[in-house]
Amino acid sequence: MIFDTGLKLNDLELVPFKKITIDKQDIVIGKKNNHVFAFNNTCPHKGASLSKGILDGDNIVCYMHGYEYDIFTGKLKNMKSWKKDTTWIEQNSQWRYSDDLKTYKIYLDNEKILIELN
Ligand code: FES
């Protein structure tokens, strides 16, 4: 189903991304190199809010444990454990597991940004 995000292309000019809620889903949406990206706000690792993360190239870096996901494809790109020595307490070997990030298809209607949720 396609929804109007309520955003226009120029709403994404001065910020790296915005968090919006559509149909009870929190979504991060932004624009990089003239391409709009959108992904689920929930980190597939342990559920942190990815809108609190930072962009590093084409990756969103989760603020919680530093896992990185490609903002366009959603692929898990890096599971580096940069916080492990000081903050991680692994419960078991499954603790490190993460899936890819859910991304959404974007459509443009002139300047309006539309999103397909399924
Ligand atoms: S919750 Fe995002 S990296 Fe762990």
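Trainee: Which residue is the bridge partner of Glu68 in β8?

Mentor: Asn78 is the partner of Glu68 there. Keep in mind that this is a predicted model.

Trainee: How do you know that β7 and β8 pair?

Mentor: Two bridges join β7, residues 68-70, to β8. The cut-off for a pair is at least two bridges, so this count meets it. The two strands run antiparallel.

Trainee: In what order do the strands of the β5 to β8 sheet stand?

Mentor: The order is β5-β6-β7-β8, an open sheet of four strands with antiparallel pairing.

Trainee: What makes β5 and β8 the edge strands?

Mentor: Both β5 (54-56) and β8 (76-78) pair on one side only. In that sheet the twist from one strand to the next averages 40°.

Trainee: And the three-stranded sheet, what is its order?

Mentor: That one goes β1-β10-β9, open and antiparallel. β1 (2-8) and β9 (105-109) each have a single partner strand, so each has one side with no neighbour in the sheet. Ignoring direction, neighbouring strands here are turned by 30° against each other on average.

Trainee: How do you know that β1 pairs with β10?

Mentor: Four bridges join β1 to β10, residues 112-116. With at least two needed, the four bridges qualify them as a pair. For a concrete example, Asp4 has Leu114 as its bridge partner in β10.

Trainee: Let's stay on β1. Why is Lys8 called partly exposed?

Mentor: Lys8 has 14 other C-beta atoms within 10 Å. Buried takes 20 or more and exposed takes 12 or fewer, so a count of 14 falls in between and Lys8 is partly exposed. Lys8 itself lies in strand β1.

Trainee: Which residues is Lys8 in contact with, leaving aside neighbours within four places in sequence?

Mentor: Glu111, Lys112 and Ile113. Lys8 and Glu111 are 103 residues apart along the chain, yet their C-alpha atoms are separated by 5.2 Å.

Trainee: Now a lysine in another strand. Why does Lys31 count as buried?

Mentor: Lys31 has 20 other C-beta atoms within 10 Å. The buried class begins at 20, so Lys31 sits right on the cut-off and is counted in. Lys31 has its place in strand β3.

Trainee: What does Lys31 touch, not counting residues up to four places away in sequence?

Mentor: Leu9, Leu12 and Val36. Val36 is also the bridge partner of Lys31 in β4.

Trainee: What makes Lys31 and Lys18 separate in space and sequence?

Mentor: Their C-alpha atoms are separated by 9.7 Å, and they are 13 residues apart along the chain.

Trainee: How many bridges join β3 to β4?

Mentor: Six, and the strands run antiparallel. β3 also pairs with β2 (residues 18-22), in the antiparallel sense, over five bridges. In that pair, Thr21 is matched with Asp26 in β3.

Trainee: What is special about phi in the hairpin of β2 and β3?

Mentor: Asp23 takes a positive phi near 50° in that hairpin, which has two residues between the strands. Most residues other than glycine have a negative phi. The hairpin of β3 and β4 also has two residues between its strands, and there Asn33 takes a positive phi near 50°.

Trainee: Why is Asp23 called exposed?

Mentor: Asp23 has 9 C-beta neighbours inside 10 Å. Exposed means 12 or fewer, so 9 puts Asp23 in that class.

Trainee: And how do you know that Asn110 is exposed?

Mentor: Asn110 has 6 other C-beta atoms within 10 Å. With the limit at 12, Asn110 qualifies as exposed. Asn110 is found in the loop between β9 and β10, and its phi is positive, near 55°.

Trainee: Over to the inside. Which residues of the largest nonpolar core touch the most other members?

Mentor: Ile27, Val28, Ala38 and Phe39, out of 19 residues in that core. β3 (25-32), β4 (35-40), β6 (59-61) and β10 each supply at least two of the core residues.

Trainee: What is Ala38 in contact with, leaving aside its neighbours within four places in sequence?

Mentor: Its contacts are Ile27, Val28, Ile29, Thr103, Tyr104, Ile106 and Ile115.

Trainee: Last one: how many helices and strands are there in the protein chain?

Mentor: One helix and 10 strands, running β-β-β-β-β-β-β-β-α-β-β from the N terminus on. Of the 118 residues, 24% count as buried.

Terms used: Residues numbered from 1 in each chain as written. Predicted model: local features only at pLDDT ≥ 70, side-chain atom pairs only at ≥ 80, totals over all residues. Axes fitted to C-alpha atoms, helices over the stretch in contact; angles between N-to-C directions. Core = buried A, V, L, I, M, F, W, Y, C linked by C-beta atoms within 7 Å. Contact = placed C-beta atoms within 7 Å.
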